[in-house]
Amino acid sequence: MSKALVAIVFVASGGVASAQSITMASTTSTEQSGLFGHLMPAFKQASGVDVKVVAVGTGQALDMARRGDADVLFVHDQAAEEKFVADGWATKRYPVMYNDFVLIGPPADPAGTRGKDIVAALGKIAAANAEFVSRGDKSGTHAAELRYWKMVVGEGGKGGAYKECGCGMGPALNIAASSGAYVLADRGTWLNFKNRAALAVLVEGDTRLFNQYGVMVVNPARHPHVKAADAQKFVDWVVSPAGQTTIAQYKVGGEQLFFPNAQP
């Protein structure tokens with residue numbers, strides 16, 4: 001693993017990693033929402049296995065796994081995940097939970113986006129040349145955003161005063177808060193975000209904003225050093241009734257952030 005990746009690893013159980021540990025490549029949304037701080041201690045208690053989480057965008061997480069720098073993935077770009085399995089980097093993808101994306105922006109909503117239609121909202125942002133902050137980091141959120149923009153302005157196009165930050169969800173929200181810009185966010189990170197300034201949820205409820213998460217063990221046939229047995233322990237636990245209940249129990253301000261939907 002590169003020094004840069006080692007620098008952003010944290011032991012999710014909160015202690016020093018034991019000899020029995022796995023490395024998980026995951027999204028910034030699951031980490032910055034606070035979910036892993038709630039989830040990993042419960043898994044450690046159940047299994048004795050520590051999980052070292054590297055929180056990056058989904059695209060970067062998949063690249064980490066292709067290099068053999070992770071044992072398990074917890075990500076949210078279903079099309080990319082299915083291709084990852086089809087290409088032989090994992091043998092199976094397991095649905096685990098979902099939440100949704102929301103469009104965040106200034107409460108005055110100068111572009112007039114407020115409502116339930118994300119594509120119409122982005123069209124109004126483009127027409128008004130309103131500032132829009134994109135993560136621009138090949139994350140699951142970035143992939144979703146590009147799908148929505150494509151519906152508005154075609155392949156490769158973006159609208160409005162479009163700015164890519166190449167950053168995680170929290171920093172993107174901070175930029176939007178400081179500049180009064182629009183930004184697409186996952187609801188979990190938004191609910192756990194403390195620096196809201198004058199931002200508000202403007203668009204929600206569109207079925208296209210559904211945000212599914214999946215878990216996968218990296219295929220040891222590709223990288224023999226992968227700790228597949230312990231990684232599978234995590235997958236089996238997180239899709240079990242115990243893991244699914246633990247996910248459902250995580251709330252911020254009384255509001256549930258993620259909704260378990262593992263398939264039996």
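How many nonpolar, polar and charged residues are there in the lining of the largest pocket? Keep that one in mind while I get us oriented. What we have on screen is a predicted model, and I'd like to walk through one pocket and three helix pairs.

Okay, the pocket. The largest one holds about 170 Å³ of space. Its lining includes His-76, Asp-77, Gln-78 and Phe-101. Further along the chain, the lining takes in Gly-140, Ala-144, Arg-147 and Tyr-148, and then Arg-208, Phe-210, Asn-211 and Gln-212. So back to my opener: by class, that lining has four nonpolar, five polar and three charged residues.

Where do those residues sit? Helix H7, residues 140-153, and strand S10, residues 210-217, are the elements that give two or more residues to the lining. H7 makes the largest share, with four residues.

Let's stay with H7, since it also packs against another helix. Its partner is H6, residues 118-128, and the two axes come within 9 Å and cross at roughly 65°. That makes H6 roughly perpendicular to H7. As for handedness, the crossing of H6 past H7 is right-handed.

Who is touching whom? From H6 we have Ile-118, Val-119, Leu-122, Gly-123, Ile-125 and Ala-126, and they meet Tyr-148, Trp-149, Met-151 and Val-152 of H7. By class that contact comes out as nine nonpolar residues, one polar and no charged. And notice Tyr-148: we met it in the pocket lining, and here it is again in the contact with H6.

Now over to helix H3, residues 35-47. I like this one, as we can look at it with two partners.

Partner one is H11, residues 241-249: the axes are 9 Å apart and the packing angle is about 155°. An angle over 145 counts as roughly antiparallel, so that is what H3 and H11 are to each other. H3 passes H11 in a right-handed crossing. On the H3 side, the contact uses His-38, Leu-39 and Ala-42, while H11 brings Gly-243, Thr-246, Ile-247 and Gln-249. Sort those by class and you get three nonpolar, four polar and no charged.

Partner two is H10, residues 228-238, where the angle with H3 is about 110° and the axes are 11 Å apart. H3 and H10 are therefore roughly perpendicular, and their crossing is right-handed. Here Leu-39, Met-40, Ala-42, Phe-43 and Ala-46 of H3 meet Lys-233, Phe-234, Trp-237 and Val-238 of H10. The class count is eight nonpolar, no polar and one charged.

One last thing to find on the screen: which residues of H3 touch H11 and also turn up in the contact with H10? Leu-39 and Ala-42 are in both contacts. Okay, that's me done, thanks!

Note on methods. Residues numbered from 1 in each chain as written. Predicted model: local features only at pLDDT ≥ 70, side-chain atom pairs only at ≥ 80, totals over all residues. Heavy atoms only, no water. Axes fitted to C-alpha atoms, helices over the stretch in contact; angles between N-to-C directions. Parallel < 35°, antiparallel > 145°, perpendicular 65-115°, else oblique. Left-handed = near helix turned anticlockwise from the far one by under 90°. Contact = heavy atoms within 4.5 Å. Nonpolar A, V, L, I, M, F, W, Y, C, P; charged D, E, K, R; others polar. 1 Å grid on protein atoms, 1.4 Å probe; cavity = no way out; pocket = protein on both sides within 12 Å on 5 of 7 lines; lining within 4 Å. Points joined across faces, edges and corners; volume = space filled by probe spheres on them.
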